[in-house]
Each structure stands twice: as structure tokens, then as C-alpha cells.
Amino acid sequence: MLLITCTQLLDLRSLLVAIIIFKGLDPEFKMYDKVSVKINCDPRIPAMEIKEKNEIMFSYDVSFVESDIKWPSRWDIYLEAGDQSHVHWFSIMNSLMIVTILAGIILIILFRTVRRDLMRYENVQQTQEEISGWKLLSGDVFRAPTNPDILCVMVGDGVQILAMGVITILFAAIGFMSPSSRGALINGMLFFYVALGFAGGYVSTKLYRTINNGRFRGWVLVSLKTSFFFTGIAFVDIIMLNFLLWGSQSSGALPLSSFGTLLLLWSCVSTPLTLVGSYFGARSDLIRYPTKPGQIPRDIPSQNYPSWMWIIGAGAIPFATLFMELFFIMSSFWHGQAHYVFGFLFIVMVLLVLVCAEISLVLTYIEFCAEDWQWWWRSFFASGSVAIYILIYSVLYLVVDLQSLSGPVSAWLYIGYSLLIAFAVFLATGAIGFLSSFCFVYYLFSSVKQD
């Protein structure tokens with residue numbers, strides 16, 4: 001037995017009638033079917049009696065109330081941090097303070113040690129046998145690494161991704177890309193990534209010529225690899241995830257027209273801009289090494305700890321920089337909320353760049369002190385290893401906080417996007433570490449008087 005007030009019986013009755021009957025009252029009734037019974041409701045009657053297998057009519061009343069909220073501020077209620085805003089701000093400020101102090105300590109120790117070594121090497125008369133440490137590596141430190149083409153491509157793509165991220169977050173912090181404008185952030189990221197193909201091509205080609213002692217031949221192939229490396233991997237990943245959505249008949253699948261648009265942007269805009277940037281990079285002034293590599297590579301002494309331990313451990317400090325911000329971003333993104341603290345996100349990203357540069361620089365100097373001159377790839381992996389921690393955290397977040405995902409398709413989508421994001425972070429942070437180490441090595445050996 002059910003009592004319903006008569007004022008509730010107005011217009012939108014078919015949907016709710018269908019839902020109730022579909023639950024078991026009438027199997028023959030289909031959703032959204034029209035109800036043929038005409039209802040004459042007397043508002044003086046307070047309630048009506050509903051029996052089993054009788055048609056039930058539901059409706060609703062709408063009343064409009066004038067508000068003092070301005071139209072540009074209509075999204076503020078959804079974009080506020082909520083009751084835990086003080087926790088959010090306190091956690092971010094605490095992380096920023098700790099990482100800033102740590103970065104200052106690293107810089108002080110590093111530059112004091114380097115200055116002391118330079119004074120000892122330049123002011124004290126020593127024989128060749130007495131010399132030890134990084135000065136012995138002057139004939140090997142600029143020796144070309146293994147697979148230099150791949151390194152140049154990864155550095156170029158990393159610079160392109162990093163520049164895209166910094167500019168996008170900066171514009172969002174200013175207010176040009178608000179979450180209230182649906183799709184503005186994604187469209188901005190795509191636009192900046194495509195336009196910054198010029199920067200990726202320039203960096204990869206200039207580095208290619210530097211490593212190969214000014215060789216001009218082969219820069220076109222390096223430029224094409226730069227254009228196709230990350231973009232191709234991302235495109236394949238999105239297609240595979242889209243097949244899952246198509247198979248599950250999800251409305252979230254990208255239509256074929258969107259794939260056609262992405263292909264046109266890739267082939268007609270991004271690749272030509274990468275080639276143009278590579279052309280200017282190939283025609284730019286060559287970076288001359290302060291020391292020339294010797295004919296025979298120097299033997300590397302046995303190390304107390306394997307290099308992969310240093311690399312994996314180095315990624316923990318940059319991850320501590322973005323841990324809390326990563327938590328709030330994932331909580332907002334995967335729980336259907338809007339992340340709107342782009343100002344703090346920009347500060348955290350700038351701090352992440354500084355910490356990645358410093359940690360890679362310190363690890364490079366430690367390797368030089370151990371007379372290990374193979375620094376090219378390690379400087380890239382040292383700061384890029386923060387992606388390992390991001391990927392591990394993403395898996396833990398899936399297991400602990402996203403238990404309500406509906407089915408394996410949602411889990412695979414989460415894993416696919418997490419892998420793509422982690423790979424993009426790996427390239428961006430790895431490029432930061434490599435370029436900072438390259439500048440440090442260049443100026444370090446430029447300041448030493450060569451015998």
C-alpha cells in the first residue's frame with residue numbers, strides 16, 4: 001500500500017511508471033511507453049491509494065528562485081576544494097617547503113665540493129699518478145654514448161612534452177582554460193603539443209649533431225623519429241583503448257572523425273613543424289666540446305653499488321615533490337570532480353623541474369668521482385625514474401581507492417592511460433636531467449686547465 005499526494009501527479013509520468021513496472025509489476029510494459037490513462041487530479045484530495053498492478057503516475061514540480069550569484073561565478077560551487085581545503089593547502093605548502101630546503105642543501109654541498117676540487121686541481125702541483133677523480137675523465141667524458149639516435153629522439157620528445165605541460169598549466173592558472181569550459185584543457189594540450197613540435201625537432205637535431213661531432217647527414221631521419229616516437233606510441237595506446245570501448249558499446253569511445261582529425265594534425269601540422277625545427281637545429285652553431293675524446297676508452301673501476309640502484313633511488317626525491325598534488329589530481333579525475341588549483345600545480349611543476357635537474361646533476365658528479373664516464377643515459381634515467389614511482393602509485397590507487405570500477409574494461413582503461421601518462425612523465429623528466437647534466441659537465445670541464 002502506497003500513499004502519494006495529488007500534486008505530484010503532473011507531466012513526466014511515463015519514465016517513472018516504466019521503471020516501477022519494469023522492476024516486476026508488469027513484464028509486458030516497456031520503458032518510455034506512453035500511458036493511455038488520463039489523470040484528473042483534484043488538488044483538494046490529500047492522497048491516493050495505490051494497489052498492486054495499478055498504473056502509478058509520478059511527476060515533479062519546478063520552482064525558479066532568483067539568485068545573486070554572478071554568471072561568471074556559477075561554477076565556483078563545483079570548483080571549490082570543499083571541507084578539506086585546509087588539508088589540501090597545508091599538504092602542498094609542506095611539500096614545497098621540504099623540497100625547497102632539500103634542494104638548497106643539495107646545491108650548497110655540490111657547489112662547495114666542486115669549487116674545492118677545482119682549487120685543488122688548479123693550484124696544487126701534482127703528478128699524473130697523484131691525480132684522481134673526475135679530472136681523469138677529460139678524455140672520455142664526451143665520448144659518444146651507445147644508441148645516440150634514440151637518446152636524441154627521447155630528449156627532443158621530452159622537451160616537447162615538458163614545454164606543452166608548463167605552458168598549458170600556466171594558461172590554466174591564469175584562467176584561459178577553465179574546467180567550466182568543457183574540453184578546453186584537452187584542446188589546449190593538443191594545440192600546444194602540435195605547435196611545439198618545432199622545439200622537439202630543434203633540440204633533437206642539435207643534440208644529434210653535437211654528439212656526432214657536427215655530422216650533418218642523417219638529421220632528417222632523426223627529425224622523423226622525433227615526430228613519430230611518442231606520438232605513435234600514444235596513438236597506438238589510444239586505439240587499443242578505443243577498441244575496448246567499442247567492444248563494450250560505450251558512448252565514451254572516440255568516433256572515427258576524431259581519429260581522422262588527430263591524424264591530420266599529426267601529419268599536416270606536427271610533423272612539418274618538427275622538420276622545420278630540425279632544419280634550424282641542423283643549421284645552428286655547433287656546440288664544441290671543451291675536451292676531445294681519446295682514442296682508447298678508459299677502463300671503469302668496479303663500483304661498490306650497481307648504477308641501477310642509484311637510478312631507482314634518485315626518482316624518490318622528485319616523486320616526493322609531486323606526491324600530494326598527484327593524489328588530488330587523481331582523486332579529482334577518477335571521481336568525476338574538477339581540479340582547479342592550477343596555481344599550486346604550476347608551482348609544483350616548476351619545483352619538480354628544479355629537483356629533477358639537481359638530482360641528476362648530483363648523481364652525475366658522484367659517478368665522476370668514482371671515475372665512471374658513462375653518464376649520458378644514466379643522467380636521463382636518474383630523473384626519469386620518477387615515472388616508476390608514479391606507475392606504482394597508480395596501481396596502488398587502483399587497488400585501494402578505485403574498487404568501485406565497473407568491470408575489467410574500466411580497469412584496463414585506467415591502466416592504459418596510466419602507462420601513457422607515466423611514459424610522458426619519463427620522457428619529460430628524463431630530458432630535464434640529461435640537459436642539466438650536459439650543461440654541468442660542459443662547464444665543469446671547461447673550467448679546468450687541460451695539460
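1. Let's start with a crossing: helix α12 passes helix α14 in a right-handed crossing. Keep in mind as you look around that this is a predicted model. Helix α12 covers residues 376-384, and helix α14 runs over residues 407-446. Their axes lie 7 Å apart, and the packing angle is about 130°. That angle makes α12 oblique to α14, because oblique is the class left over once roughly parallel, antiparallel and perpendicular are taken out, and antiparallel needs an angle over 145 degrees.

2. Who touches whom here? On the α12 side, look for Trp 376, Ser 379, Phe 380, Phe 381, Ser 383 and Gly 384. On the α14 side there are several residues to click on, among them Phe 426, Leu 427, Gly 430, Gly 433, Phe 434 and Phe 438. Sorted by class, the contact of α12 with α14 has eight nonpolar residues, seven polar ones and no charged ones.

3. Now move to helix α4 (residues 148-174) and helix α7 (residues 219-247), whose axes come within 9 Å and cross at roughly 55°. That makes α4 oblique to α7. This is a right-handed crossing too, with α4 passing α7.

4. Which residues make that contact? From α4 come Asp 149, Val 153, Met 154, Gly 156, Asp 157 and Ile 161, and from α7 come Val 222, Lys 225, Thr 226, Phe 229 and Phe 230. The mix is six nonpolar, two polar and three charged residues. In the list you can spot Asp 149, Asp 157 and Lys 225, and those are the charged kind.

5. While you're at α4, have a peek at Asn 147. This residue sits in the loop between α3 (85-123) and α4. Asn 147 isn't a glycine, yet its phi is positive, about 50°.

6. Next up are helix α5 (residues 184-195) and helix α8 (residues 256-283), which pack at about 35° with their axes 8 Å apart. Leu 190, Val 194 and Ala 195 of α5 meet Leu 262, Leu 265, Val 269, Ser 270 and Leu 273 of α8. By class, that contact comes out as seven nonpolar residues, one polar and no charged.

7. Helix α11 (residues 342-369) lets you do a quick sum. At 1.5 Å a residue, its 28 residues should span 40 Å, and the end C-alpha atoms are 41 Å apart, so the two agree. After α11 comes Glu 371, which has a positive phi near 60°.

8. Finally, how many salt bridges does the structure hold? Two. One of them joins Glu 367 to Arg 378, with the closest N and O atoms 3.8 Å apart. Glu 367 belongs to α11 and Arg 378 to α12, 11 residues apart, and the pair links distant parts of the chain.

Methods
Residues numbered from 1 in each chain as written. Predicted model: local features only at pLDDT ≥ 70, side-chain atom pairs only at ≥ 80, totals over all residues. Heavy atoms only, no water. Axes fitted to C-alpha atoms, helices over the stretch in contact; angles between N-to-C directions. Helix = DSSP H or I, 4+ residues; strand = E, 2+ residues; numbered from the N terminus. Parallel < 35°, antiparallel > 145°, perpendicular 65-115°, else oblique. Left-handed = near helix turned anticlockwise from the far one by under 90°. Contact = heavy atoms within 4.5 Å. Expected span 1.5 Å × (residues − 1). Salt bridge = Lys/Arg side-chain N within 4 Å of Asp/Glu carboxyl O.
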